Structure formats: structure tokens, C-alpha cells
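Hi,

Here is the structure I promised to pass on. Have a look at it first, and then read my notes below.

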Amino acid sequence: MRALAAALLCLLTGWALVCLGWPKHTSLREQLLLKFSLSLGCGLGIFSLIFFLNLILAGSGTVLLATDVAVAGLLSGILFFRFRGSTTGPKPIYTRKQPARLTRILFFTLLIAFLSSMYGLVQRLLGNPHGEGWDAFAIWNLHARFLFLGRDYWKEGFTNLIPWSHPDYPLLLPASIAHFWTYLGRDSVAVPAVIALAFTISTLAILVSALLQFRGKDSACLAGIVLLGTPFFLQQGVSQYADVALSYFFLATIVLIWFHQATGSPELLALAGSMAGFAAWTKNEGQLFACALLVSLAAIGCGFQGFRGCVREVSLFVAGMSPSLVALAYFKIRIAPPSDLFQAGSTMLLKAADWHRYWLILRWYGKDFFLFGDWFLIPGTVLLVAFGWLIGRQRNRQQGSATWVSALTLALTAAGYFAIFVITPYDLRWHLRYSLNRLFLQLWPSALFVFFMLVRTPDEAISARQMAPSTSQ
Amino acid sequence: MKLAKERIRIYAYVFSLAVLCLISTARFACESPQARPLGENSFDQYLHRFDELKKVLPARGAVGYIDDRAENPLGPGYYYAVQYAAAPLVVKHSVDPDLVIGNFTSSAAASAHPTNLVTVRDFGQGVVLFRQRHP
């Protein structure tokens, strides 16, 4: 009962924040699935920030509950007054009529894939409730235990005395878990397991619901089928690592950037900033992503909207990020030891000058491009390239700015991962072997979204082929 | 006729993509859960080995750790499991702290501990608490 109440409070807080970020003239009932999927990450993000603040201020469980209720109440109150009387909303952006038979078949295929995945996910969660692999209990859930059980001495757990526990990793997941444990009064193994499952399903839901708006049912179903057809995504989803949660925030940010471009609503950009901030508060790679997105927004924004428009966009985005950034800065400066990846400047320069390292990393990038998803028979990346080539690219250029921002952000993030491998203090092969596939996975849902935004939908492809002979005559 | 052919061709691309992905999903669903990191024991059962030990450990600070799994590739997993069980106590992978947790494959293996340590209590199943031998 307590867990249910905590979950409802978390979702209500997230829902209120997401709806506040939606354009003013829309109805609260519009795009329910997308809003609900985004609410999970927002709610957990806010829950983790409240818990962290409460820890720093040494507040009690009662103070924590009061803060939760106050934040949820405040956001809901603002929401009520802001959206009072709003009953209509914009129609879906994609309005072409799609072949009913194909849509039905794709929907049922997606349903079968979803049910099969859920069966496998639940089976694995029950088989390994503490997660698959060591990182779950050696890093994320261990940090949650330090936060929950450490009382006044919780900072002692974030020390380099525990090798490989990565005490510099941010606290969104551990603090969310510890927040729920505080409600329950015990460190139930079900909490991290359910959070992991919720992130996995919500990532799928964001992908499908966002594409439903932009590209219609067929592309939405296809994207969902491809994501569920990536066994590594599902496996990592229940491993209780942070990579799927991070991929969730990456995707949420990119989707909101597209919605911002489509509607012009400034609130959506601030909400995208919040999501990028939560990504930075989830894992160090999220900080790289947030920087990449800021650079992309600034560079592309200047090109499309001029300097003033660009400054306005970046300011809104940073405003959304700021609560998470403040918490992250405090954690990094006051609590966490320095990251294990950065050494003395001269050592890193020596590594940066070694071209063998670049060649090795390039080869691994090439290899993992085909293998990271643990696909059966044919790699999903190859399938997508072939599919894109056969079906063709859509010619609608209205989403130009968002296309470039998303593509540049993903490319810069991948390049940032590359740079980290160049200077890594660890054995390069070992480091690539145990992390590159997860880094690719972090970008995969966002890459799928951008891909299906760019290629034609099946009905567009049929129409384009139908038009082709007449235009050539 | 041409339109019908084009439609069939596009549908073939779409269904090929969907079916090939569905096969990967089906394989994921059919595979049994992967092997647990701690051998034949379930993680919870493994953690219960340390219940009695936790009662005599201090509430905070750092303790040491020793085991007989240096050659075992799963060795670090056993250490992390002990750290997880002992949190919020910090478990240092070293025999230098005053108190040292011994986590051996059996009680018999625990007898081969370093000479600078004296046994405080043997909890059975290879779980032993040591203290530094003071001169």
C-alpha cells in the first residue's frame, strides 16, 4: 500500500511537470501515452532530487513525505490554473490515411513482440531479482543502500576504497530507489527491479507514441518492433544497470526537441532541458550528451534562427536543466571523488598522440555496430540500413532544424565516447569489450526515432512509386 | 497492376523487417534466465550467510576483506556481494583494517589465513571475522 502511494505520488509529480511543459492551448487529455511515459522519468528525477536535498539537509522521513506532497501539490495547483478550461488540442502532426490492413498486421506484430518481451523480462526479473551482472549490486543498488542505510554517514560510501564501485556516478537511480525504500521502511529488492522494468517499457512507449504523432501508426509500430527486436536492450532493461534509463532520457530529450520544433512552444524546450538534466544526473555519459545537445542547439539554432533566437533557445534549455545541474555540481564538488577516467594531462596527451589507439577503437566501433544488439540472424543495424535504402527518405523538410540537432547531438555523443576511449587509463581492449555495446545501446532508441522520422512511411513509399512514372514522362 | 506490384513490394520490405525482428524477440523470450553470477546459490541465499556476521560488525567505518578466490574469475563478484550485504559499512579489499571479513569457500579453507590475523568468530559456511594480531 505504501509502495503504491509512493508510486502514485511520483507519477503525479512527473505528470504535473510534463503537462506544465506542454503547449498552453492543448488539452490535458492529448497525447496521453506519451505524457504518461514521460511522467515516469520526470517523477523519478524529481523524487531523486528531493531525496538528495533531504539527505544534505539531514531531514527526517516525515520531512521527505511533506516535501513530496508539497511539490506534487504545488505543481498540480499550477497545472490546474494553467489548463483550466482547455478542452481542445492540436490534431496529430501526421494525418495521411494509412492502409488499414497493414496497420492492423503491424499492430498485432507489435503486440506479439511486446507480450513475448514482457514474458522474457518478467522471467528474468524473477530469476535474478538483484539484476543480471555485477554492476547492479556493485554500483547502483549499493549506492542506494548507502543512501538509505547510511543515515548521517551516507557520504562514507562514496569512496575509492571500494574498487569499481564508481563513487563519482550521479545519483538519479540510487536516490530514487532509496526514496521508495524510505517509504517502505526497508530495502526491498522489488523496488530497483520495478524501476528497471518501468524504464524499459516507458522507453518503448515514448518511441511508439512520439512516432505515432509525427509519422503515423505504421512507422510507430515498426519502430516498436525493431526496439523489441533488440535482445540486448531487453536484457539490459532488467539488468538494473543505468544504461536503459539513460537511453530513456536521451530519447525523451530528442522527442521533446522535435515537438518543440513542430509547435514552437518554449515550454517544451524547457522540458527537454529537464530531461537532459536528468540524463546528466543519471550517469556520466548523460553529461556528455547534455553538452553535445547544448552545442548542437547553439550551432544549429544560430543557423536557423539567428543569434537572438539561438540565445533564447539555449537559455530555456539550460533553465530546464538547472535543478539537476545544481544537484550534480554539489555532488561532484562536495561528495564524489574524482573520476577514474581522467589522469595527468601529459599521460592523456601521450595516449591522444598514439594513432594505434584510434585504429583499434574504430575497428571496435565497426564491429559493435553489427553486434551490439545481440540480434539473431541479421543485425538490426543492417536491417535498418537496408530498409531505409529500399523504402527511401521522406522529402518533407519542415523538421529540418530538429533533424540536424538530433543527428549532430547523437554524432557528438558517439564522438565523445570515442575520445574517452582514447584517453582511458584502463586496458583499451578490455574497456571496449565491456562498455562499448552499452554505450551504443544508450543511443539506440534515439537513433531509431530519428531514423523513422527520416524514412518514408509505407504509404508514402507506395505513393512515391506511384508518382514516379508520371513525373518522369 | 503496377501499383499493386509496388504495394506488394513495399509490404514485403515491411514484413521482412518485422519478422526478422520478431525472431530476435522470440529468441529472447525463449531463452531461460542467464546463469547467476554467484554460481549455484541464489543471491539472496548467499547474502543470508552474512546475517549473523552483520550483527557483530560496527555500524559505520571500514573493515577489511579476504577470501580464497584469487584464481576464480567470479572472485570479484563475491567481494561485491559482501560489500552489498555489509553496507553502510565500507568493505576494503585488504587485510590492513583492524577487523577483516573472511569469505571462504568452506570453514576448512579459512584456516589458511595470514598470520597477522586472529579469528574473532567463525560463523560457519566459510564466513569468519578476524582481528589484527596486536603485539
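Below is what I found, going from chain A to the interface and then to one residue of chain B.

One thing to keep in mind: this is a predicted model.

Let's start with chain A. Its secondary structure is made up of 17 helices and 0 strands. The radius of gyration is 22 Å, close to the 23 Å that the globule rule gives for 473 residues, so chain A is as compact as a globular protein of that length. If you want a feel for its dimensions, the C-alpha atoms fill a box of roughly 80 × 65 × 50 Å along the principal axes. Of the 473 residues in this chain, 59% count as buried. As for contacts within chain A between residues at least 6 apart in sequence, 83% of them join residues at least 24 apart.

Next, the place where the two chains meet. On the chain A side 61 residues are in contact with chain B, and they touch 49 residues there. Together the two chains bury about 5100 Å², with 73% of that on carbon and sulfur atoms. Which residues of chain A lose the most area to chain B? They are Arg124(A), Trp134(A) and Phe137(A), which together account for 14% of what that side buries.

There is some polar pairing here too. The count of salt bridges between chain A and chain B is 3. Arg27(B) forms a salt bridge with Asp374(A), where the closest N and O atoms are 3.4 Å apart. Across the interface there are also 8 residue pairs in polar contact.

Several helices of chain A give two or more residues to the side that touches chain B, including α5 (135-149), α7 (190-228) and α14 (380-391). The most comes from α4(A), with 14 residues. By type, the residues on that side of chain A divide into 40 nonpolar, 15 polar and 6 charged.

Finally, a residue in chain B to click on: Gln132(B), which lies in strand β5 (residues 127-132). Is Gln132(B) buried or exposed? Its relative accessibility is 13%, under the 20% cut-off, so Gln132(B) counts as buried. The side chain of Gln132(B) reaches the backbone oxygen of Asp96(B) at 3.1 Å, and a polar contact of 3.2 Å joins it to the side chain of Asn116(B). Leaving out residues up to four places away in sequence, Gln132(B) also touches others, among them Val95(B), Pro97(B), Val100(B) and Leu117(B).

Cheers

Conventions. Residues are numbered from 1 along each chain as its sequence is written. Chains are lettered from A and ligands numbered from 1 in the order in which they are written. This is a predicted model: local features need pLDDT of at least 70, side-chain atom pairs count only at pLDDT 80 or more; totals for chains, interfaces and linings use all residues. Side-chain values use heavy atoms; hydrogens and water are left out. Contact means heavy atoms within 4.5 Å. Buried area is the accessible area (1.4 Å probe) that two parts lose on being put together, summed over both. A salt bridge is a side-chain nitrogen of Lys or Arg within 4 Å of a carboxyl oxygen of Asp or Glu. A polar contact is a pair of N or O atoms within 3.5 Å; within protein, one must be able to donate a hydrogen and the other to accept it, and residues adjacent in sequence count only if both atoms are side-chain atoms. Helices (H or I, at least four residues) and strands (E, at least two) are DSSP runs, numbered from the N terminus. Ala, Val, Leu, Ile, Met, Phe, Trp, Tyr, Cys and Pro count as nonpolar, Asp, Glu, Lys and Arg as charged, and the others, Gly among them, as polar. The radius of gyration is taken over C-alpha atoms; the globule rule is 2.2 Å times the number of residues to the power 0.38. Buried means under 20% relative accessible area, exposed over 50%, partly exposed in between (1.4 Å probe, protein chains only).
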